[in-house]
Amino acid sequence: MSKEIFLCSICNISSGSCAEDCGFCTQSAKHHADIIRYKYKPIEQIVQEAKNVSSYGALGFCLVTSGLGLDEKKLAYVCEAARAVREAVPTLHLIACNGLASLEQLKTLKAAGIDSYNHNLETSQAYYATICSTHSWQSRFETCLHVKEAGLTLCSGGIFGLGESEEDRESFIQSVKALQPATMPLNFYHPNPALPLKANPLSEKEALAIIARVREVLPQTMLMVAGGREITFKSRQSDIFAAGADAIVIGDYLTTKGQPPTKDLEMIHALGYTIAKSCH
């Protein structure tokens with residue numbers, strides 16, 4: 001039986017103007033990065049994007065909002081988007097990624113048709129204060145616990161290549177292991193001139209070793225290589241699957257462009273793999 005690759009897509013439904021100071025994120029208003037900003041993407045456009053990615057075989061569709069967390073208006077908007085996508089493309093596994101969230105907010109999202117919630121720890125608890133001062137690592141961890149309590153599937157990972165040490169990486173991986181998420185996104189830092197965080201890009205060899213280590217620690221978790229895939233692995237993108245990845249994000253990311261989904265499909269089929277037809 002050939003290896004199945006799960007495809008996921010990110011839909012940035014509320015972009016930029018975030019008051020947090022995460023040093024790796026172009027959506028922070030403090031960094032004045034040259035990105036497109038908008039409050040709420042039209043529901044019709046979200047539905048069309050869902051239809052488009054579904055046509056390429058994507059099963060996961062993630063509704064992402066910028067900002068620290070959810071207020072009443074933003075929660076209602078995400079729920080409206082979820083219901084519209086659910087009605088138009090019922091085969092999609094709907095993921096919400098809306099920052100810090102209470103147990104009650106997460107239950108509301110679940111009732112609206114959300115299947116999973118993505119909230120990343122980003123890095124180790126010890127290193128986190130180096131990259132963000134406006135909220136704590138612990139608040140992120142607690143949101144992940146709320147996700148599981150609400151009965152949603154947890155998706156939690158982070159970013160490698162932020163200048164963290166080997167010890168930080170291992171601590172971070174062990175923290176994710178403690179949460180036992182169904183899916184762990186592995187992002188690799190994508191530098192931007194506007195960002196205060198200056199870190200040397202990881203080599204392909206180093207990044208592949210990280211995937212292999214995460215697979216060793218989390219043998220049952222779906223490992224999804226997400227942001228930074230194209231710039232980190234370059235011509236060795238196909239090697240991520242042998243290293244242990246079994247999922248990728250196709251299309252564009254939050255504020256950076258991805259390669260055409262057709263190119264990803266060609267790569268997967270050339271390896272003799274198949275596109276997953278089910279989340280389970």
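Cys62 is buried, its relative accessible area being 6%; buried here denotes under 20% relative accessible area, exposed over 50%, and partly exposed in between, with a 1.4 Å probe and protein chains only. The structure is a predicted model, in which local features need pLDDT of at least 70 and side-chain atom pairs count only at pLDDT 80 or more, whereas totals for chains, interfaces and linings use all residues. Residues are numbered from 1 along each chain as its sequence is written, and side-chain values use heavy atoms, with hydrogens and water left out.

**Cysteines**

The closest cysteine sulfur to that of Cys62 belongs to Cys97, at 4.9 Å, which is too far for a bond. Cys155 is likewise buried, at 10% relative accessible area, and its sulfur lies 6.9 Å from the closest cysteine sulfur, that of Cys62, again too far for a bond. With a disulfide defined as a pair of cysteine sulfur atoms within 2.5 Å, the count comes to 0 disulfides.

**Helix 5 and Trp137**

Helices (H or I, at least four residues) and strands (E, at least two) are DSSP runs numbered from the N terminus. Helix 5 covers residues 137–149 and contains Trp137. Its 13 residues should span 18 Å at 1.5 Å a residue, and the end C-alpha atoms are 19 Å apart, which agrees; the expected span is 1.5 Å times one less than the number of residues. Buried residues of helix 5 include Trp137, Arg140, Phe141 and Cys144. Among the elements that cover the buried residues of helix 5 are helix 3 (103–111), helix 4 (125–131) and helix 6 (166–179). Just after helix 5, Gly151 adopts a positive phi of about 85 degrees.

Trp137 has a relative accessibility of 6% and therefore counts as buried. Contact means heavy atoms within 4.5 Å; not counting residues up to four places away in sequence, Trp137 touches Leu121, Thr123, Ser124, Gln125, Tyr128 and Ser175. Leu121 is 16 residues from Trp137 in sequence, yet their C-alpha atoms are 6.7 Å apart. The side chain of Trp137 also reaches the backbone oxygen of Thr123 at 2.9 Å.

**Strand 7 and the nonpolar cores**

Asn187 lies in strand 7 (residues 183–188) and counts as buried at 15% relative accessibility. A polar atom of the Asn187 side chain lies 2.9 Å from the backbone nitrogen of Gly227.

A nonpolar core is a set of buried Ala, Val, Leu, Ile, Met, Phe, Trp, Tyr and Cys residues joined through side-chain atoms within 4.5 Å. The largest has 82 residues, and those with the most contacts inside it are Ile46, Phe61, Leu109, Phe160 and Phe188. Helix 2 (residues 72–88) gives the most to this core, with 8 residues. A second, separate core of 14 residues includes Phe6, Ala226, Ala247 and Ala276.

**Salt bridges**

A salt bridge is a side-chain nitrogen of Lys or Arg within 4 Å of a carboxyl oxygen of Asp or Glu. By this rule there are 13 salt bridges, including those tabulated below.

| Pair | Closest N to O distance |
|---|---|
| Asp115 and Arg86 | 2.8 Å |
| Asp246 and Arg215 | 3.2 Å |
| Arg229 and Asp264 | 2.9 Å |

The Arg229 and Asp264 pair links distant parts of the chain, with Arg229 in helix 8 (residues 229–233) and Asp264 in helix 10 (residues 261–270), 35 residues apart. Both Arg229 and Asp264 are buried. Salt bridges that share partners join Glu164, Glu166, Arg169 and Glu206 into one network. Asp115 is partly exposed, at 26% relative accessible area, and Arg86 is partly exposed at 24%.

How values were computed:
A polar contact is a pair of N or O atoms within 3.5 Å; within protein, one must be able to donate a hydrogen and the other to accept it, and residues adjacent in sequence count only if both atoms are side-chain atoms.
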